[in-house]
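Let's take a quick tour of this fold, from one side chain's contacts out to the sheet and back in again. Have a look at the model first.

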Amino acid sequence: MSVIKNKYNNSPTIEKCIKDYQYSFRKDLLRNKIAFITGGGSGICFTIAEIFMRHGCHTAIAGRNLERLQTSAKTLTETTGSRCLAVQMDVRKPTEVIEGIESCLKEYGRIDILINGAAGNFLCPLETMSFNAFKTVIEIDTLGTYNVSKVAYDKFLKSNGGVIINITATLHYRGTPLQAHAGAAKAAIEALTKHQAIEWGPNGVRVVCVAPGPIEDTEGMKKLSMGLSTADIESRIPIGHIGTKQEIGEICLFLATDMARLITSSVVVADGGSWLTDVNVKKRLEIFKAFTAKM
């Protein structure tokens, strides 16, 4: 497999909370709610956890790296005053998912909101991608979303209702070079979401997707931008503004409340319109070739 490694693919940084956070909603909007967030130890999902916790929600953040989860949980609790449980598990392994969900229920007694944010990605042309590389991303993104959703539904949501938010992307709307594995995985999640919404809606469960576009200060941007500057990226976004983790977190906050009680099965695309106007495939491949030539 010819995975493209670059100077932006560095070790994950220690996550920091938002400075001088300004509230758009009342601070107790999610008071005493419980959210289980996969991928919550870093990136977008760390900030989703932070914003939920700032609004009175207690969380469980799940992932494979226990040390990072514990560090992030400590940071989140100290900043927000809400509780955060670090849950080590691999979303690809049903046994670990069951143990993870059960540990959350043992700690808090309930799960009101599930955020499926665990994901894997890298740059790789289809012609050099190994069978295992493609399979791995499908397992983390698509099967991981199914595994965690099913266990949370079976263990609690079926009898009590709740909200599931699946984090996807816009890669598959037109096709994106070097991203066939991730695009296929996210497309499958969006299809799964519709089936979940139809089958689980009668039991009071809403299921929606949030599809972020380019988001600044994330590992995804570092790995996948191929050296393009923020200015280059913003020049291709109709609103002229690259997204922030806070903005994605606040979209999820809205969707998790009764203000969004009519929204289910939908995909909320949060990219400033960038997928509609992004550079064409030929230009993107030229950027890729120029980038790899410098390595």
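Leaving aside neighbours within four places in sequence, which residues is C252 in contact with? The model here is a predicted one, and in it C252 touches I48, F52, I165, I167 and V210.

## Two nonpolar cores

C252 is also among the residues with the most contacts inside the largest nonpolar core, along with I48, F52, L76, I115 and I165. That core has 36 residues. Elements giving it two or more residues include β1 (34–38), α2 (66–80), β5 (162–167) and α8 (245–255), but α1 gives the most, with eight residues.

Apart from this one lies another core, of 28 residues. Among its members are F36, A60, I101 and L114.

## The sheet and its helices

Now for the strands: seven of them make an open sheet with parallel pairing, in the order β3-β2-β1-β4-β5-β6-β7. At the edges sit β3 (84–88) and β7 (267–270), each pairing on one side only. From one strand to the next, the twist averages 20 degrees.

Zooming in, β1 and β4 pair in the parallel sense over four bridges, and F36 has L114 in β4 as its bridge partner. Helix α1 lies across β1, β2, β3, β4, β5 and β6, running at about 170 degrees to β1. Helix α5 (residues 180–200) packs on the sheet too, touching β5, β6 and β7, with its direction at about 160 degrees to that of β6.

## A closer look at A62

Is A62 in β2 (residues 58–63) buried or exposed? A62 counts as buried because its relative accessibility is 3%. Not counting residues up to four places away in sequence, its contacts include F36, I37, L69, V87 and M89.

Conventions: Residues are numbered from 1 along each chain as its sequence is written. This is a predicted model: local features need pLDDT of at least 70, side-chain atom pairs count only at pLDDT 80 or more; totals for chains, interfaces and linings use all residues. Side-chain values use heavy atoms; hydrogens and water are left out. Buried means under 20% relative accessible area, exposed over 50%, partly exposed in between (1.4 Å probe, protein chains only). Contact means heavy atoms within 4.5 Å. A nonpolar core is a set of buried Ala, Val, Leu, Ile, Met, Phe, Trp, Tyr and Cys residues joined through side-chain atoms within 4.5 Å. Two strands pair if DSSP finds at least two bridges between them. Axes are lines fitted to C-alpha atoms, for helices over the stretch in contact, and angles run from 0 to 180 degrees between N-to-C directions.
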